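Here's a short set of exercises to work through with the model open in your viewer. Try each task before reading its solution.

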Amino acid sequence: MILSIAEIPENLLEMVKERTGESITVCEYRANTEKALQLVQEAEILLTWAFPVNEGLFDKIDDFKLGWIFALSVGVDHMPFQRLKEHGTVVSTIRGLSNSNVSEHILSLMLSFSRRLPLLFENQKKKLWDTSFPMDELYSRTLCIVGAGNIGVEVAKKAKAFGMRVIGVDLFPRELPEFDAMYGLEGKHTALAQADYVVTVVPLTPDTYHLIGAEDFAVMKETAIFLNTSRGDVIDEEALIRALEQKQIAGAGLDVFHTEPLGPESPLWGMKNVILTPHRAGDSCLMLDRAMELFAKSLLLYRKGEKLPNQLNLDKGY
């Protein structure tokens, strides 16, 4: 059985059936959790969003028949990789399908800071015509992208179109045409110190946990804007809050947090130099269509016993 515990529109289910000859059973997890958990034990192939993984979905994996999990997300950092490997389960993701929307979200945050959009929106609500504050532009500014993967490269392309200087930091640095300079982790502070904008777009792994912390914020410009659209645990959130409070950096645009939803007690909510979005950078009305196109292609390969697009290395977790 092919089971989806994410809701899939009928037209996409029909598309998969036409292309592969196979049907998908849908039991939406939130709407019918108990039944979904029962069906998972009978499924050979599972389509799932990331969130049920955090809620003990695989607690009884030894009783499952799962051969393949197709994650309708890029981040799968909470999956029990070792147990899946021992079980012989293959995991693949939709990595690469969200390059456009995540990169657009990042650029929209940068433009919001440079063109002072939060303040302008506030003044609009107050019917206040105020031209007393300075405006900036992205042209000629330096952007440091921490993580030169698919999304990082797409951000670099868009930033170059705005006339920005783009530098990168990566665990495995290499020359890329979209970047003016590239640094390894040993050169992280050299890169951060140059940047007007810093964005993290790396997967969450043991190597990237708290990759950006107090020492990193300390070397950034006081005028720098920090952006995070990867995972909340990639940064030390408490260190970021201190850096904002102490004006070590000028502001932050955040889509992800240590704890989600972000609790009402977090000081981030009340900071005027922070723009918050509720983990929506990867969302788009086009995403599910792209994901199911990829699933249909992957299903044909899976039946042939071939390697799948975006198949995870379960030892590395990405």
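**Exercise 1. Which residues touch I2, leaving aside its neighbours within four places in sequence?**

Step 1: Run a contact search, where contact means heavy atoms within 4.5 Å. With those neighbours skipped, I2 is in contact with E22, S23, I24, T25, I45, L47, F295, L299 and R303.

Step 2: Place the residue. I2 sits in strand 1, which covers residues 2–4; helices (H or I, at least four residues) and strands (E, at least two) are DSSP runs, numbered from the N terminus.

Step 3: Check the burial. I2 is buried, at a relative accessible area of 4%; buried means under 20%, exposed over 50%, and partly exposed in between, with a 1.4 Å probe and protein chains only.

Step 4: Try a residue far off. N123 is 121 residues from I2 in sequence, and the C-alpha to C-alpha distance is 52 Å.

A word on the ground rules: this is a predicted model, so local features need pLDDT of at least 70 and side-chain atom pairs count only at pLDDT 80 or more, while totals for chains, interfaces and linings use all residues. Residues are numbered from 1 along each chain as its sequence is written, and side-chain values use heavy atoms, with hydrogens and water left out.

**Exercise 2. Describe the chain as a whole.**

Step 1: Count the elements. You should get 10 helices and 12 strands.

Step 2: Get the radius of gyration over C-alpha atoms and set it against the globule rule, 2.2 Å times the number of residues to the power 0.38. The chain comes out at 21 Å, close to the 20 Å that the rule gives for 318 residues, so it is as compact as a globular protein of that length.

Step 3: Take the principal axes. The C-alpha trace spans about 65 × 45 × 35 Å along them.

Step 4: Look at burial and contacts. Buried residues are 50% of the 318 in the chain. Of the contacts with a separation of 6 or more, 59% come from residues 24 or more positions apart.

**Exercise 3. How many salt bridges does the structure hold, and where do some of them sit?**

Step 1: Start from the principle. Side chains of opposite charge can pair when their charged atoms come close.

Step 2: Apply the cut-off: a side-chain nitrogen of Lys or Arg within 4 Å of a carboxyl oxygen of Asp or Glu. That yields 13 salt bridges.

Step 3: Pick out K85 and D315, whose closest N and O atoms are 2.6 Å apart. This pair links distant parts of the chain, with K85 in helix 3 (residues 81–87) and D315 in the segment after helix 10 (287–303), 230 residues apart. K85 is partly exposed at 42%, and D315 is exposed at 55%.

Step 4: Go on to R141 and D136, with 2.8 Å between the closest N and O atoms. R141 is partly exposed at 30%, and D136 is partly exposed at 25%.

Step 5: Now take K221 and D196, where the closest N and O atoms are 3.0 Å apart. K221 is in the loop between helix 8 (214–219) and strand 10 (225–228), and D196 in the loop between helix 7 (188–194) and strand 9 (197–200), so the pair ties together parts 25 residues apart in sequence. K221 is partly exposed at 29%, whereas D196 is buried at 12%.

Step 6: Look for shared partners. Salt bridges of that kind join E22, E44 and R303 into one network.
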